[in-house]
Amino acid sequence: MLGYVTSLPPVPSVRHAPALRDALLAADYTASAISAHLGPTVERALARGEPAAARRACSGTSALETLVRLFLLAEPVATADAEMALDGKGRSSGVLLPDARGVVRAALDLRPYGDGWFVASDLRLPTGALTLEPDAVVGIGSASMTLVTATPRLPVATALDLGTGCGVQALHLAAAGATVTATDTSTRALEMAALTAALSGVEVELLAGNLFEPVAGRLFDQVVANPPFVIGPNRFTYRDSALPADGLTAEVITSAATYLAPGGTATMLGSWLALEGQDWQERVRSWVPPGCDALVLLRELLDPTEHVALWLADGDEALETEAPDGVAEAWLADLESQQAHDICYGLVLLRKLTELSESPRISVLDVRAEPQPPDGVRLRGWLERVTALRTADPRNLRLAKPTGLELHRSFVADADGWEPDGISLRAPGALPAAAEVNDLLVALVKECDPALPLGAVLDLVAAGAGHKHLGDDALPAMVRLAEAGLLVPVA
Ligand SMILES: C[S@@+](CC[C@H](N)C(=O)[O-])C[C@H]1O[C@@H](n2cnc3c(N)ncnc32)[C@H](O)[C@@H]1O
């Protein structure tokens with residue numbers, strides 16, 4: 001991207017943000033007012049890239065309708081209506097650009113996020129009809145929301161948003177009370193994030209530079225990163241890894257621990273290769289830095305064909321990419337030369353240990369089949385349980401059954417009736433949500449009672465089964481159930 005000259009309009013200066021914020025709020029340009037105006041069906045259609053119904057619903061000249069047409073539908077609007085909706089600050093602030101005579105259009109996408117925040121990003125047609133510019137700063141996408149939802153919200157003093165883009169993660173970190181630093185290599189992204197923060201009335205320290213370089217020597221209580229992890233040609237700043245293969249995800253995960261204060265956490269999205277003949281866990285597991293608890297969640301696994309198609313569609317790219325010797329073919333050939341069997345997408349949660357003497361807990365889970373993707377509450381639960389489990393001799397643990405714990409037995413039909421096929425435990429909030437168990441573990445879980453140390457529970461069941469060592473053999477499995485939250489350590 002060296003020497004690339006953008007054709008995108010300049011990002012409006014933050015100087016005008018307070019006046020614009022007042023105008024946007026006065027117009028009731030909030031997420032809930034827009035939802036109420038459009039209704040759920042039209043709102044869902046717009047989210048699917050079908051703007052026709054929203055256009056009809058916003059054909060009036062109220063300030064709210066005008067702002068939706070400008071900033072969410074990317075439509076030209078009569079200058080007088082647009083300036084009225086923005087209290088006369090539209091063109092002077094740079095958020096409106098002249099279009100035809102007497103008509104203006106938006107210079108950027110400016111969308112309410114909740115009822116007091118506004119997120120600035122480059123404008124995309126709702127239909128995705130135009131290829132994205134390489135240096136475009138994209139708005140809140142599905143990866144952004146995955147990270148927003150999965151980040152454990154902890155009481156922290158300092159937080160870092162690595163690769164801030166439109167600045168959405170920084171808003172959430174600030175809302176949790178942290179002093180927030182946000183970094184990006186893209187000057188345009190930093191300008192957009194500054195505008196997002198200023199329009200939302202939030203303070204964020206913004207620093208330019210590669211990955212952690214701008215915060216060298218500093219420590220944070222919480223780090224979040226939705227870095228450009230897409231494995232393939234480096235064409236879009238917002239998403240494509242600038243390092244070969246999965247090098248960027250590796251770099252972010254291995255480096256994160258250096259910038260974490262003791263007890264600090266990092267929640268990071270990433271992507272890695274499963275090479276021919278290799279287990280999907282292998283590469284990501286090798287990147288977990290020493291001195292950290294780690295929870296790795298596999299969220300998606302695509303074969304190279306699916307991977308390339310997904311990301312070509314994401315950039316709204318034209319059909320030429322599929323032409324002979326086009327981008328798609330070159331991309332697939334490159335993945336083949338790297339012996340990529342699958343491309344894994346996931347999330348890594350790290351927690352820096354507070355004492356050198358502590359032994360880290362590393363869990364690598366495939367959560368693709370879970371009914372709900374793991375959220376921050378479940379990740380926080382995992383962190384809390386790992387702490388509780390570390391501090392005790394396992395036989396002294398007191399374990400309770402979590403509320404809503406379920407035992408499931410499955411059977412398959414055979415010629416004689418029903419053949420037992422598996423036993424599992426499930427609990428709301430557990431991570432993983434369910435685990436396969438056997439009859440011995442079912443008996444042990446049944447006897448778990450916070451009044452009894454686990455050792456006593458094991459001895460009790462072992463004695464009942466007439467097998468002295470039976471319980472001890474099951475000890476590691478009971479600890480794993482407690483780590484998952486299918487049992488709960490009680491102080
Ligand atoms: C996928 S976007 C994430 C934006 C935002 N944090 C979110 O969650 O929606 C990745 C961001 O990382 C930035 N970026 C790309 N390469 C980077 C690097 N080497 N160091 C820091 N940031 C980088 C991009 O400019 C882009 O803003």
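This is a short dialogue about the ligand site, a pocket, a cavity and one residue in a predicted model.

Trainee: What should I know before I start?

Mentor: The model is predicted, so local features need pLDDT of at least 70 and side-chain atom pairs count only at pLDDT 80 or more, while totals for chains, interfaces and linings use all residues. Residues are numbered from 1 along each chain as its sequence is written, and side-chain values use heavy atoms, with hydrogens and water left out.

Trainee: Which residues come nearest to the ligand?

Mentor: A residue is near a molecule if one of its heavy atoms lies within 4 Å of it. Here 17 residues surround the ligand, and Ser144, Gly163, Asp184, Asn210 and Leu211 come nearest.

Trainee: And where are the polar contacts?

Mentor: Look for a pair of N or O atoms within 3.5 Å. In the side chain of Asp184, an N or O atom is 2.6 Å from a ligand oxygen. Leu211 uses a backbone N or O atom, 2.8 Å from a nitrogen atom of the ligand. On its own the ligand has 600 Å² of accessible area (Shrake-Rupley method, 1.4 Å probe), and the protein covers 92% of that.

Trainee: How many cavities of 30 Å³ or more does the search find?

Mentor: Think of a 1 Å grid over the protein atoms alone: a cavity is a set of points where a 1.4 Å probe fits but cannot get out, and lining residues have an atom within 4 Å of a point. Its volume is the space filled by probe spheres set on the points, which are joined across faces, edges and corners. The search of the whole structure gives 1, with a volume of about 30 Å³. Its lining includes Thr164, Ala182 and Leu206. Helix H9 gives the most to that lining, with 3 residues; helices are DSSP runs of at least four residues, strands of at least two.

Trainee: What about the second largest pocket?

Mentor: A pocket is an open set of points with protein on both sides within 12 Å along at least five of seven lines. This one has a volume of about 460 Å³. Of its 21 lining residues, those closest to its centre are Leu8, Leu123, Arg124, Leu125 and Leu130.

Trainee: Is Cys344 buried or exposed?

Mentor: Buried means under 20% relative accessible area, and exposed means over 50%, with partly exposed in between (1.4 Å probe, protein chains only). Cys344 has 0%, so Cys344 counts as buried. Cys344 sits in strand E12, residues 340–352, and its C-alpha atom is 6.5 Å from that of Leu302, 42 residues away along the chain.

Technical notes: A polar contact is a pair of N or O atoms within 3.5 Å; within protein, one must be able to donate a hydrogen and the other to accept it, and residues adjacent in sequence count only if both atoms are side-chain atoms.
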